[in-house]
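Got a new structure open and not sure where to look? Here's a quick tour of a few residues worth clicking on.

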Amino acid sequence: RDSGSFGSANVQVPGRRGERMWQGQQVITFESPESAILAASDSGNWLGIVSGDKPLVTWEPGMSWDWPLEVGKTWTHNHRMTIHARNQTIPYQVTQKVEAYEDVTVPAGTFKAFKISTSSNLGEENVNWYSPELGIYVKAINTRTAKNPAGPGRRETEIVSQTIKK
């Protein structure tokens with residue numbers, strides 16, 4: 001469900017967790033029809049977002065959580081974020097906190113998940129529920145404040161169904 005600078009939509013988007021090669025290394029992918037998030041296989045760090053083989057956004061160093069996740073844990077990371085369409089690299093600072101380990105119910109079921117809040121220097125205020133069992137977010141609320149270059153907006157995401165292939 002999108003509003004504001006995210007657009008105006010309430011749609012179901014298929015997603016898939018996979019693997020591929022990117023810049024000479026094996027990566028984990030979180031794929032949708034329009035783009036894929038790429039994560040390092042060894043660390044899980046988010047390296048970038050691509051459309052096909054074309055980079056849209058990349059982070060240096062890769063974005064990560066401070067593992068292991070524990071309720072109450074807080075950290076701040078600094079990155080250089082490159083927005084490839086504008087050939088622009090900017091400082092990107094994120095502060096994150098593990099708020100809870102709780103049951104979260106979405107259309108796909110009820111999952112034990114870490115509730116992690118994130119704020120950034122670009123006016124993002126996000127809450128993600130990460131399921132260690134599935135290795136993905138099962139729910140997310142992404143908020144762009146008026147400080148965000150794209151303007152204010154809100155995106156709510158939750159998984160509707162899931163299948164784990166053996």
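Below are some notes on backbone quirks, one histidine and one asparagine.

Keep in mind that this is a predicted model. Two of its peptide bonds that lead into a proline are cis: one runs from glutamate 60 to proline 61, and another joins tryptophan 67 and proline 68. Glutamine 23 and asparagine 87 each have a positive phi without being a glycine.

**Cis peptide bonds**

- Start with the bond from glutamate 60 to proline 61, where omega is near -10°.
- Proline 61 belongs to strand β6, which covers residues 54-63.
- Now hop along to tryptophan 67 and proline 68, whose cis bond has an omega of about -5°.
- Proline 68 isn't in a strand but in the loop between β6 and β7, and β7 spans 74-83.

**Positive phi angles**

- For glutamine 23, phi is about 50°.
- You'll find glutamine 23 in the loop that links β2 (16-22) with β3 (25-31).
- Is glutamine 23 buried or exposed? Its relative accessible area is 65%, and exposed means over 50%, so glutamine 23 counts as exposed.
- Asparagine 87 has a phi near 50°, and its place is the loop between β7 and β8 (88-106).
- Asparagine 87 has 71% relative accessibility, which is over the 50% cut-off, so asparagine 87 is exposed too.

**Histidine 77 and its contacts**

- Histidine 77 sits in strand β7.
- What does the side chain of histidine 77 pair up with in a 3.0 Å polar contact? The partner is the side chain of aspartate 66.
- A polar atom of the histidine 77 side chain also lies 3.2 Å from the backbone oxygen of serine 64.
- Skipping neighbours within four places in sequence, histidine 77 touches Ser64, Trp65 and Asp66, along with Tyr92, Gln93 and Val94.

**Asparagine 148, tucked into a loop**

- Look for asparagine 148 in the loop between β11 (136-144) and β12 (153-158).
- Why does asparagine 148 count as buried? Its relative accessibility is 9%, and buried means under 20%, so asparagine 148 falls on the buried side of the cut-off.
- Which residues does asparagine 148 contact, once neighbours within four places in sequence are left aside? They are Leu122, Gly123 and Glu124.

Methods. Residues are numbered from 1 along each chain as its sequence is written. This is a predicted model: local features need pLDDT of at least 70, side-chain atom pairs count only at pLDDT 80 or more; totals for chains, interfaces and linings use all residues. Side-chain values use heavy atoms; hydrogens and water are left out. Helices (H or I, at least four residues) and strands (E, at least two) are DSSP runs, numbered from the N terminus. Buried means under 20% relative accessible area, exposed over 50%, partly exposed in between (1.4 Å probe, protein chains only). Contact means heavy atoms within 4.5 Å. A polar contact is a pair of N or O atoms within 3.5 Å; within protein, one must be able to donate a hydrogen and the other to accept it, and residues adjacent in sequence count only if both atoms are side-chain atoms.
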